[in-house]
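Please find below my notes on the structure, set out as numbered points. They proceed from the chain as a whole to a single pair of strands.

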Amino acid sequence: MILEPFDYYAPSSLDEMFDIVGSVGENFKFLAGGQSLIPMLKMNLIKVSTIIDLKKIPELSFIREEDGQWIRIGALVKYVEISDSNLIKKHLPILSFAAKKIAHQLVRNRGTIGGSIAFGHPAADLCVISMLLDAEMEIVSKGSSRYVSANKFFLGPLTTNLKQDEILKSIRFKIPEGNYGWSFNKVSLSHGDFPLLITATMIRRNRNIIEDIKIALGGVADTVVRAKEIEEFLKGKEITEENINKASKLASSIYNPSSTLEFTSNYIKKLIEVYLRRSIKEAYTMARE
Ligand SMILES: Cc1cc2nc3c(=O)[nH]c(=O)nc-3n(C[C@H](O)[C@H](O)[C@H](O)COP(=O)(O)OP(=O)(O)OC[C@H]3O[C@@H](n4cnc5c(N)ncnc54)[C@H](O)[C@@H]3O)c2cc1C
């Protein structure tokens with residue numbers, strides 16, 4: 001398919017970008033890495049009269065540590081830059097790992113963290129990680145800004161808290177305190193395909209007791225989710241085969257993923273059980289006392 005014609009702007013600052021936003025009417029889209037937007041335009045799934053390309057805006061491309069407590073990542077930072085960043089490897093290793101596992105190299109060279117989160121796919125790798133790490137989205141419009149936490153940001157399939165005239169400027173992650181073990185697994189039909197299911201777990205332990213646990217899942221509901229019921233069930237408990245089995249069965253009973261062309265909902269529910277069990281065990285094993 002070929003693209004329908006549209007007006008194209010490539011502003012070099014946020015101020016210039018907001019002037020353009022104010023002048024082109026409602027029917028525009030921001031362009032980041034183009035790895036979701038361009039295919040959707042080519043397939044005629046959406047139509048726009050204007051594209052505003054973000055790539056020349058330097059305020060959106062940075063990774064930095066703030067106050068020794070946060071890692072802030074500009075929306076335009078690419079997956080490959082996230083997986084290569086020493087700062088992220090040191091403080092948020094699960095994010096580095098997940099970014100390295102997205103699709104294949106061509107997508108990772110172009111796709112951006114802001115594009116992925118603004119797109120809001122219910123099985124997108126970095127949407128799951130943002131939910132797991134309680135990320136905060138910095139959203140700006142002309143003359144104002146606000147923060148929205150990940151658990152309030154994703155509203156439905158490909159639907160987020162962003163308004164038409166707002167841009168996701170950066171994402172900030174609190175650096176986890178203490179020694180967390182982690183695990184990130186996904187199921188895809190074949191290598192490089194969008195995941196069918198993602199399980200992401202972080203555990204802090206005290207001897208053989210789970211002191212703290214975070215679990216996020218992708219592909220099990222209309223948005224990425226935090227599995228709060230499972231976290232509550234396991235927190236403070238001894239790690240035993242019985243408790244892990246109960247927790248993963250509970251997850252499988254709570255979520256009702258839609259069937260796909262290839263798999264029934266019941267099959268995906270079984271996958272949730274199997275993969276969550278593995279995820280909890282891996283995170284627990286990695287966690288140091
Ligand atoms: C072959 C292939 C395989 C893929 N596999 C995976 C996978 O396994 N896992 C995965 O997570 N993803 C996968 N993707 C999707 C990929 O991660 C996209 O890069 C991502 O969904 C969008 O990021 P982008 O930077 O390309 O954004 P774009 O495609 O440029 O934009 C996506 C949407 O977000 C909006 N947008 C972009 N940036 C902003 C911003 N800063 N503020 C507000 N709105 C914004 C755009 O207007 C658009 O609506 C795959 C894509 C392809 C082509």
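1. Of the 289 residues in the protein chain, 51% are buried, a residue being counted as buried when its relative accessible area is under 20%. The model is a predicted one, and this share should be read with that in mind.

2. The accessible surface of the chain amounts to about 13700 Å². Carbon and sulfur atoms contribute 51% of that surface.

3. As to secondary structure, the protein chain contains 12 helices and 14 strands. Its radius of gyration is 20 Å, close to the 19 Å given by the globule rule for 289 residues; the chain is therefore as compact as a globular protein of that length. Along the principal axes, the C-alpha atoms fill a box of roughly 60 × 45 × 30 Å.

4. The contacts deserve a separate remark. Among those in the protein chain with a separation of 6 or more, 62% are between residues 24 or more positions apart.

5. With regard to charge, the protein chain carries 38 positive and 34 negative charges. The mean positions of these two groups lie 4 Å apart.

6. Strand S11 offers a useful local example. This strand spans residues 180-187, and seven of its eight residues are buried, so S11 is largely enclosed by the rest of the structure.

7. Which strand is joined to S11, and by how many bridges? The partner is strand S12, residues 197-206, and eight bridges link the two, which run antiparallel. One residue pair may be located in the view: Ser183 has Thr201 in S12 as its bridge partner.

Key
Residues are numbered from 1 along each chain as its sequence is written. This is a predicted model: local features need pLDDT of at least 70, side-chain atom pairs count only at pLDDT 80 or more; totals for chains, interfaces and linings use all residues. Side-chain values use heavy atoms; hydrogens and water are left out. Buried means under 20% relative accessible area, exposed over 50%, partly exposed in between (1.4 Å probe, protein chains only). Helices (H or I, at least four residues) and strands (E, at least two) are DSSP runs, numbered from the N terminus. Two strands pair if DSSP finds at least two bridges between them. The radius of gyration is taken over C-alpha atoms; the globule rule is 2.2 Å times the number of residues to the power 0.38. Contact means heavy atoms within 4.5 Å. Accessible areas come from the Shrake-Rupley method with a 1.4 Å probe; for residues, only the protein chains shown count as cover. Lys and Arg count as positive and Asp and Glu as negative; His and the chain ends are not counted. The place of a charge is taken as NZ of Lys, CZ of Arg, CG of Asp or CD of Glu.
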